[in-house]
Structures are given as C-alpha cells and as structure tokens.
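Welcome, and thanks for taking a look at this one with me. Here are a few notes to read alongside the model.

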Amino acid sequence: MTILAPKRMTLLATCLCFITSGAALVAAQGTPPASVDPTSSGKIASGRISVIAEGHRREFLDARECFTHYLDASVLSSGMNSCSRHKGVNSEQCARWSKALEESSKANASSRGCSGDPSVLEREFRKAVIIAAKDGDEDARICYVDGAFFTPKDVDIDEYRVNAHRYLKEAIERGDWRAVALLAKDSPDHDGMGVMSSMDIIGKPFTLYRANRLLQLGAADGLKKIYADNARVAAQRLTNAQIVNANVWAAQVYSKYFDKSSKLTSNPSGCMRN
C-alpha cells in the first residue's frame, strides 16, 4: 500500500495578443509565459532597482519563505498522519517524511519574524506579492499572475485581469518560461484555483495547445514528449485552422524570445520555488 503525500497547490496563467508581420497571423487569444533561467529571476523588470523596490523585494522574499515553510510543514504533517493510521506500511517513506518535517520545523524556527498564525502568513504573503509586483519584481509578478493564494475578496478582479495580462506579456518578451508553464496548465471548474480562473483564456484548448507547443520547442528530448502529448490532447478540440495558427504562433514566439535559452530539462519553476 502506497501512501501519497497531499499535492501542493498548482499554479496557472494567461494571454498575449501577438500579431505577426510575415505570415498574416493574428493570434487572438492565448498567451505564452515563461522564465527560462532561474538564475535571472528576481530582477526588477523596469531596469533600475530603487532602494524602495529592493526593500519591497526583501519583504516579498521573507513572506514567501515563511509561507513556504508553513505549506511544507502542512504537507509533511498530513503525510505523517497517514503513517500513523497505517503503521508499518512504507516505513522508509515515513522516516523520510519525519526527518523532512523536523528539518522544516527547524528552518521555520530560524526564519526571523515568521508568524505562527497561517492566516497571517497568507495575508502578509499576498500583500507582499502585490506591492513587489507593482515595483516590477519578476518573481512577484509570477506569483501575482498564478493567483493561487488570492480570492475575489483580496483583489479587484478587473484590475487583476489587466495586470495579469500585462505581466504575462512582459514575461514572454523577456523569455520567461514560468509564464508559459502557467498557461499550459488546465483549469477545471473546482475550488482552489484562486483568481486565475477569472481569465477567460485559462484552460481553453487553444491556450493549452499553444503553450504546450511552445514548451515542446524549448524542451529537451525527455520532456518534449510530455508536452507533445499534452498538445495532442488539446488539439482534439481544435479546428485545423486553429492548429495551424497556434503552430505558427509558437514557432515565431520561440524564435523571437526563447531560442537563446537553454533547453528545458524539467518543468519551469513556479511561484513558490525558483
């Protein structure tokens, strides 16, 4: 009997209206997102980094670290509860979870200023994301767009849509694979998606196909097949004209913004991990 730890929340994303000059193609809906090189993340998108923006970035990183420790501990604690209910089953896995939980607890204790109240951690994280994203912080913008920890009560939805589309467009134009990965995720109608589901392109076959085709172009052999399979599934719900449109779009966007990046050997990191 295998005991599976609860999965972390997944994150998603949005659209770029891209008009090509050569092939008479207007990509109406769908978007490419991305952040290829994790080492480049954290830069302020606007260029010059002000003292205030740096302070906001530090607050964002601290809030994210505290919230990440809490999420990790929650997942591990849930796994350990399963171990308690099924004693003697997968003892090696349970031992690993126990050690990881102990290390996570130590890390959380050493984190300065981390609240012990989950609601405070989440509230401070959301606040830091919004402020740092407005400053142009690339990591914060990915968190803002994925919107997994926001609810309609936390943000103005109309403002969110406008900002998210702009952040995604700019992320694609700097070759950020994280944005593309967000667009490539399906969004079934269920709770836990945050506010990203308010964007009408999310989870649509055309968006899914375009994003997976773009990821396929940038992926190494092992990962390429996964994205190709995902695109094949989405293509079943598209017309031939839409498929041709999306293929041209993916090729042009990759050539213009991503062809200088290293091949993807794993899925692009998301909001909580760089």
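**Notes on the cavity, the disulfides and one loop residue**

1. Let's start with the lining of the largest cavity, where helices α3 (118-135) and α4 (138-146) each supply at least two residues. The biggest share comes from α3, which gives three residues. Please keep in mind that this is a predicted model.

2. How much space lies in the largest cavity? About 40 Å³. Searching the whole structure turns up one cavity of 30 Å³ or more.

3. The residues around that space are Phe125, Arg126, Val129, Cys143, Asp146, Gly147, Ala148, Phe149, Phe150 and Cys271. By character, the lining has seven nonpolar residues, one polar and two charged. The polar one is Gly147, because Gly counts as polar in this grouping. The charged pair is Arg126 and Asp146, because Arg and Asp count as charged.

4. Two of the lining residues, Cys143 and Cys271, also form a disulfide, with 2.0 Å between their sulfur atoms. The torsion about their S-S bond is about 100°, so this disulfide is right-handed. Cys143 sits in helix α4 and Cys271 in the segment after α9, so the bond ties together parts that are 128 residues apart in sequence. Both cysteines are buried.

5. How many disulfides does a search of the whole structure find? There are two. The other pair is Cys66 and Cys114, whose sulfur atoms are 1.9 Å apart. Here the S-S torsion is about -80°, so the disulfide is left-handed. Cys66 belongs to helix α1 (residues 51-85), while Cys114 is in the loop between α2 (91-110) and α3, so this pair joins parts that are 48 residues apart in sequence. Cys66 and Cys114 are buried as well.

6. Last, a stop at Arg237, found in the loop between α8 (221-235) and α9 (240-258). Is Arg237 buried, exposed or partly exposed? Its relative accessibility is 49%, so Arg237 counts as partly exposed; the cut-off for exposed is over 50%.

7. Which residues does Arg237 touch, leaving aside those up to four places away in sequence? They are Pro205, Leu208 and Gln242. In the same part of the chain as two of these contacts, Phe206 is 31 residues from Arg237 along the chain, and the C-alpha atoms of Phe206 and Arg237 are separated by 8.3 Å.

How values were computed
Residues numbered from 1 in each chain as written. Predicted model: local features only at pLDDT ≥ 70, side-chain atom pairs only at ≥ 80, totals over all residues. Heavy atoms only, no water. Helix = DSSP H or I, 4+ residues; strand = E, 2+ residues; numbered from the N terminus. Buried < 20%, exposed > 50% of the residue type's maximum accessible area, 1.4 Å probe, protein only. Contact = heavy atoms within 4.5 Å. 1 Å grid on protein atoms, 1.4 Å probe; cavity = no way out; pocket = protein on both sides within 12 Å on 5 of 7 lines; lining within 4 Å. Points joined across faces, edges and corners; volume = space filled by probe spheres on them. Disulfide = S-S within 2.5 Å.
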